[in-house]
Amino acid sequence: MSFLKPKTHIEQGDIVILYLSVNSMHAIEAVPTIVNKKGETITHIFQTPYGSLKVQSIIGVEYGSRVELSKGWAHVLQPNPELWTQTLPHRTQIIYTPDISMILHQLEVRPGAVIVESGTGSGSLSHYFLRALKPTGRLHTFDFHEARADQARDEFKRHGLGDFVTVYHRDVCNLGFTSELDGAADAVFLDLPAPDLAVPHAFKALKLSGGRFCSFSPCIEQSQRCISVLTKLGFNEICSMEVLQQESVIKTRSLPVIDLEFLKAPKSTERNSNDDIKSKEPKELKKYLTSSNPQVLPGHTGFLTFATLPPNIPKV
């Protein structure tokens, strides 16, 4: 129930983030025993580069506390979508925070909204949707792979989010989003190999009062085909964008001050001893705050295609 609401202490069954460093975090379930590959029930001990953690020892501990490992220490944190994205078990490729933040903003996800998503995948984006639309909204998420849909459904229940989401095993490109969702959605999100095939079904799912649409595509050709169908169906405000998060390296640098006084003096071919003395004097240094790009820049993730369905468009 870790994701449902803020909590102060760890309860048995909670998902807990074991924080070792900014680049080393693990999601563990706070249960005293687990079943190993041989089917035997054993004490739940989690191994890290800094030693082992007996998981039973963190039950009842306050979130944010420092816990001792056999060769070091770590912190136990309550999970949120940002931390879950960095630690979740990958069933598929996932969308990360820079793209997700733009998706949530452009789709205007808010409490009470009804969102249709396809495909569910590893559930990274789904957790962000659920946090934004609780407590009165609902997420309808689809995946064509039955095992992934079952895993996601079980995961949402264990995280305490089952009351806000319905998981479907369905091929939306061929079968659509079910007739029950026709005219029910405030926004539709697609993460599919052929999003253009699902756009007509998204058109039917959006409310008669209009709504927002988004598709995530790794290749620009997918985005182009999607835009072609969106245009034919009467969508407007169509745009595609790529979100790249770029870090700025900030440093304080000391630079010598250039003495330009010699430009004011009349030109002379004679050199006196004072010139030699001045040249040996230490130059004045000034400190400046500088910004530069890092040596390694983040690469391409995908193209986000957004569109708006105007209100009262006839749906045949």
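I took a charge to sit over a ring if NZ of Lys or CZ of Arg is within 6 Å of the ring centre and within 35 degrees of the ring normal. With that in hand I looked up Arg 66, which lies over the face of Trp 73 at 4.1 Å from the ring centre.

I note that this is a predicted model, in which local features need pLDDT of at least 70 and side-chain atom pairs count only at pLDDT 80 or more, while totals for chains, interfaces and linings use all residues. Residues are numbered from 1 along each chain as its sequence is written, and side-chain values use heavy atoms, with hydrogens and water left out.

Next I turned to aromatic rings, where Phe, Tyr and Trp (its six-membered ring) pair if their centres lie within 6.5 Å, planes under 30 degrees apart counting as stacked, over 60 as edge-to-face and the rest as tilted. My search of the whole structure gave six aromatic pairs. In one of them, Phe 142 and Tyr 168 have ring centres 4.2 Å apart and planes at 5 degrees, so I entered the pair as stacked. Phe 142 is in strand β10 (residues 138–143) and Tyr 168 in strand β11 (residues 165–169), so that this pair links parts of the chain 26 residues apart, strands (E, at least two residues) and helices (H or I, at least four) being DSSP runs numbered from the N terminus.

Phe 142 also pairs with Phe 177, their centres being 5.1 Å apart and their planes at 70 degrees, which makes the pair edge-to-face. Phe 177 lies in the loop between α5 (172–175) and β12 (187–190), and the pair therefore ties together parts 35 residues apart in sequence. I recorded Phe 142, Tyr 168 and Phe 177 as a cluster linked by ring pairs.

For burial I used relative accessible area (under 20% buried, over 50% exposed, partly exposed in between; 1.4 Å probe, protein chains only). Phe 142 is buried at 0%, and Phe 177 is buried at 4%.

Helix α3 (residues 124–133) is mostly covered, with eight of its 10 residues buried. His 127 lies in this helix and is buried, with a relative accessible area of 1%. Leaving aside residues up to four places away in sequence, I found that His 127 touches Phe 3, Pro 81, Trp 84, Glu 155, Phe 156, His 159 and Leu 161, contact meaning heavy atoms within 4.5 Å.
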